[in-house]
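I have a structure open and a notebook beside it. Here is what I looked up, entry by entry.

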Amino acid sequence: MKVLLHGCNGKMGQVLTRIISQMEDMKIICGVDREPNKIKNPYPVYDSLSKVQEDVDVLIDFSNHLALDSILEFGLNKNVPLVICTTGFSPEEKEKMKKASEKIPILNSANMSIGINLITNLLKNIAPILYGDFDIEIIEKHHNQKLDSPSGTALMLADAINSSLQNSLEYVYGRHSKTDKRKKEELGIHAIRGGAIVGEHSVIFAGAGEVIEINHSALSRDVFAYGAIRAAKFLVGKSLIFIQ
């Protein structure tokens, strides 16, 4: 499988470069990065998708949401499946992905780890059972270089909960300057930034007599890379599909 790695010189791009280099059934044949000469890679790196000449089977993206238009244009023009692992997309940008998925296979997830995706499905089942007697809060922790806040994963978890409750909850981001009591329909989302934390997420169901907490910790960025690789292998050869 021939891979185009978009954002190849970023932290996740380099993790993927290392892991895929050890695989026999997948190879990165080119990369794209806004700083193409920042790192010496074992494949050609371009500063724009428009300069890519190689034929590829799939594009894996770990870059920035601002690059979405060029990624979708490349995928549509070349008929290439897209694994989009970037976070921070606006509702309008997500709609663009959905529209493009009418013509090419696209998988977009704010978190590529298996554990987070299992927890997401779990939350859809337990939130309607617990909500009547429990308040729901989400805490996410990441390294001090992360740009978006709250994390895409925290919003992914919140959306899973909210969708199972007919989207009746109101997201409250922190509680700075708030002087009134917590409302039942609030879903608190809190961000911590510090050090080299890879990614930690906690969903708290707080009741009158007990607290249920679901936690996930990413101990290495490798888990996101392996998830992206599994997604790429799943998409290639598929007909139209959109997974978010």
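**Entry 1: Ser168**

I started with Ser168, which I found in the loop between H5 and E8. I'm keeping in mind that this is a predicted model. Is Ser168 buried, exposed or partly exposed? Its relative accessibility is 41%, so Ser168 goes down as partly exposed. Next I asked what Ser168 touches, leaving aside neighbours within four places in sequence. My list has two names, Asn162 and Glu185. I also checked Ser168 against Glu102: they are 66 residues apart in sequence, and their C-alpha atoms are 29 Å apart in space.

**Entry 2: Glu93**

Then I went to Glu93, which sits in helix H3 (residues 91-100). Its relative accessibility is 13%, and since buried means under 20%, Glu93 counts as buried. Which residues is Glu93 in contact with, once neighbours within four places in sequence are left aside? I noted His65, Leu68 and Gly88. For a distance check I picked Asp69, which is 24 residues from Glu93 in sequence. From C-alpha to C-alpha, Glu93 and Asp69 are 8.5 Å apart.

**Entry 3: Helix H1**

How many of the 10 residues of H1 are buried? I got seven, so I wrote down helix H1 (residues 11-20) as mostly covered. The names are Met12, Gly13, Val15, Leu16, Thr17, Ile19 and Ile20. What do these buried residues pack against? I found three strands and a helix: E1 (2-6), E2 (27-32), E4 (58-61) and H6 (222-235).

**Entry 4: The largest pocket**

I had a reminder on my page about how such spaces are found. Rolling a probe the size of a water molecule over the atoms shows where empty space is left. In this model the largest pocket holds about 1400 Å³ of space. Its lining is made up of 45 residues. Which of them lie nearest the centre of the pocket? I wrote down Lys11, Phe62, Ser63, Asn64 and Leu147. The elements that give two or more residues to this lining are H1 and H5. H1 gives the largest share, three residues. So H1 turns up here again, after its buried residues in the last entry. I sorted the lining by class too: 23 residues are polar, 13 are nonpolar and nine are charged.

**Entry 5: Cysteines**

Next I went looking for disulfides. A disulfide is a covalent bond between the sulfur atoms of two cysteines. To count here, the two sulfur atoms must be within 2.5 Å. How many did I get? Zero disulfides. For Cys30, the nearest cysteine sulfur is that of Cys8, and it is 8.8 Å away, so Cys30 is in no disulfide. For Cys85, the nearest one also belongs to Cys8, at 14 Å, so Cys85 is in no disulfide. I looked up how covered they are as well. Cys30 has 0% relative accessibility and counts as buried. Cys85 is buried too, with a relative accessible area of 6%.

**Entry 6: Backbone oddments**

Where is there a cis peptide bond? I found one joining Ser149 and Pro150, with omega about -5°. Pro150 belongs to the loop between strand E7 (135-142) and helix H5 (152-163).

I also noted a positive phi in residues other than glycine. Asn79 has a phi near 60°, and Asn79 lies in the loop between helix H2 (68-78) and strand E5 (82-84). With a relative accessible area of 56%, Asn79 is exposed. Ser177 has a phi of about 75°, and its loop runs between strand E8 (170-173) and strand E9 (186-193). Ser177 is exposed as well, at 62% relative accessible area.

**Entry 7: Aromatic rings**

Last page. A pair of aromatic rings is described by the distance of the centres and the angle of the planes. I searched the whole structure and got one aromatic pair. Why is the pair of Tyr171 and Tyr173 called edge-to-face? Their planes are at 85°, and over 60 degrees counts as edge-to-face. The ring centres are 6.5 Å apart. I checked Tyr173 for exposure too: its relative accessible area is 49%, so Tyr173 is partly exposed.

Technical notes. Residues are numbered from 1 along each chain as its sequence is written. This is a predicted model: local features need pLDDT of at least 70, side-chain atom pairs count only at pLDDT 80 or more; totals for chains, interfaces and linings use all residues. Side-chain values use heavy atoms; hydrogens and water are left out. Buried means under 20% relative accessible area, exposed over 50%, partly exposed in between (1.4 Å probe, protein chains only). Helices (H or I, at least four residues) and strands (E, at least two) are DSSP runs, numbered from the N terminus. Contact means heavy atoms within 4.5 Å. On a 1 Å grid over the protein atoms alone, a cavity is a set of points where a 1.4 Å probe fits but cannot get out, and a pocket is an open set with protein on both sides within 12 Å along at least five of seven lines; lining residues have an atom within 4 Å of a point. Grid points are joined across faces, edges and corners, and a volume is the space filled by probe spheres set on the points. Ala, Val, Leu, Ile, Met, Phe, Trp, Tyr, Cys and Pro count as nonpolar, Asp, Glu, Lys and Arg as charged, and the others, Gly among them, as polar. Rings of Phe, Tyr and Trp (its six-membered ring) pair if their centres lie within 6.5 Å; planes under 30 degrees apart count as stacked, over 60 as edge-to-face and the rest as tilted.
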